[in-house]
Amino acid sequence: MLFTHLFRYFFVVCVLSTMSQAYAEIPPKRDALTLDVYKSPNCGCCKKWITYMHARGFTIQTHNSNELDALKQSKGIGYAYQSCHTGVSADGYVFEGHIPAKFVKAFLAEPPQGALGLSVPAMPVGSPGMEYQNMFRPYDILLLMQDGSTEIYGRVNSLTTSLE
C-alpha cells in the first residue's frame with residue numbers, strides 16, 4: 001500500500017514537472033498591437049513616433065540598427081517607399097515611416113489580401129513624430145503589396161487628423 005502511494009506521488013510530481021517545463025518553453029502570445037521597430041540609434045523623430053504609438057495603445061519593441069537598408073530590402077520595401085524607421089507586426093506586416101496609429105490599427109484589424117504593409121515615404125512635416133510648430137503638409141499612406149505595386153490606403157489632410 002505504501003509503495004502504491006509513493007508511486008502515485010512520484011508519478012504526479014513527474015507529470016507536473018514535465019508540464020510546467022513544457023509551458024515555460026511556449027513563448028507568450030504577442031498582442032495584436034505589438035510592433036518591432038527598427039531605427040537608427042540616433043534618430044529623434046523615430047523616438048517621438050514610438051512615444052506617440054505607445055500613447056495610442058501599442059507595445060513597441062525597439063531595435064537600434066545601423067543596417068536598416070538590408071532590413072528594408074529583406075522585408076520587400078522598395079527604395080521609393082522607405083523612411084527612417086520600420087515597424088514589423090507579429091504577423092510580419094511592415095509599417096514604414098510616420099504612419100498615424102489609426103491607419104496601423106485599421107490595417108491590422110483587416111489586412112488586405114496580398115498586402116505587405118503600409119508606408120509614409122520620406123518624412124512629411126506634421127506626421128506623427130515630425131511635428132514642428134503648427135506646420136503641416138498633406139500626405140498619403142500607401143498600401144504596399146507583395147507583388148511590388150502600391151495604392152493609396154489613406155490620405156491625411158490636416159494636422160489634427162495626422163495626430164489622432
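Buried here means under 20% relative accessible area, exposed over 50%, and partly exposed in between, with a 1.4 Å probe and protein chains only. This is a predicted model, where local features need pLDDT of at least 70 and side-chain atom pairs count only at pLDDT 80 or more, while totals for chains, interfaces and linings use all residues. Residues are numbered from 1 along each chain as its sequence is written, and side-chain values use heavy atoms, with hydrogens and water left out.

Let's start with how far to trust it. pLDDT is the predictor's confidence in each residue, from 0 to 100. The protein chain has a mean pLDDT of 85, with 81% of its residues at 70 or more. Over residues 2-29, though, the pLDDT is below 50, and this stretch has 0 contacts in the model beyond near neighbours in sequence; contact means heavy atoms within 4.5 Å. Where pLDDT is low, the predicted coordinates should not be read in detail.

Now for the sheet. Helices (H or I, at least four residues) and strands (E, at least two) are DSSP runs numbered from the N terminus, and two strands pair if DSSP finds at least two bridges between them. Here 7 strands make an open sheet with mixed pairing, and the order across it is E2-E1-E3-E4-E5-E6-E7. Strand E2 (59-64) and strand E7 (150-156) sit at the edges with a single partner strand each, so one side of each has no neighbour in the sheet. On average, neighbouring strands are turned by 20° against each other, direction ignored. For angles like this, axes are lines fitted to C-alpha atoms, for helices over the stretch in contact, and angles run from 0 to 180 degrees between N-to-C directions.

At the E7 end, strand E6 (residues 139-145) and E7 run antiparallel and are joined by 6 bridges. One of the pairings puts Leu 144 opposite its bridge partner Thr 150 in E7. Helix H2 (residues 44-55) packs on the sheet against strand E1 (34-39), E2 and strand E4 (94-97), and its direction makes about 175° with that of E1. Helix H4 (residues 101-109) also packs on the sheet, touching E1, strand E3 (86-89), E4, strand E5 (115-120), E6 and E7, with its direction at about 135° to that of E7.

Back to the hairpin of E6 and E7: there are 4 residues between the strands, and Gly 148 takes a positive phi near 95°. In strand E6 you'll also find Leu 143, which is buried at 4% relative accessibility. Leaving out residues up to four places away in sequence, Leu 143 touches Phe 107, Pro 112, Ala 115, Gly 117, Leu 118, Ser 149, Thr 150, Glu 151 and Tyr 153. The C-alpha atoms of Leu 143 and Phe 95 are 9.6 Å apart, with their positions 48 residues apart along the chain.

What about salt bridges? Counting a side-chain nitrogen of Lys or Arg within 4 Å of a carboxyl oxygen of Asp or Glu, the structure holds 3. Lys 72 pairs with Glu 96, their closest N and O atoms 2.5 Å apart. Since Lys 72 is in helix H3 (residues 68-74) and Glu 96 in strand E4, the pair ties together parts that are 24 residues apart in sequence. Both ends are tucked away: Lys 72 is buried at 2% relative accessible area, and Glu 96 is buried at 0%.

Another salt bridge joins Glu 164 and Lys 102, at 2.7 Å from N to O. Glu 164 belongs to the segment after helix H5 (159-162) and Lys 102 to helix H4, so this pair links distant parts of the chain, 62 residues apart. Glu 164 is partly exposed at 43% relative accessibility, and Lys 102 is partly exposed at 34%.

Asp 140 and Arg 155 form a salt bridge too, with the closest N and O atoms 2.7 Å apart. Asp 140 lies in strand E6 and Arg 155 in strand E7, so the pair ties together parts 15 residues apart in sequence. Asp 140 is partly exposed at 25%, as is Arg 155 at 49%.

Finally, the cysteines. With a disulfide taken as a pair of cysteine sulfur atoms within 2.5 Å, the structure holds 0. Cys 84 is in no disulfide, and its nearest cysteine sulfur, that of Cys 46, is 3.5 Å away. Cys 46 is buried at 0% relative accessible area, and Cys 84 is buried at 14%.
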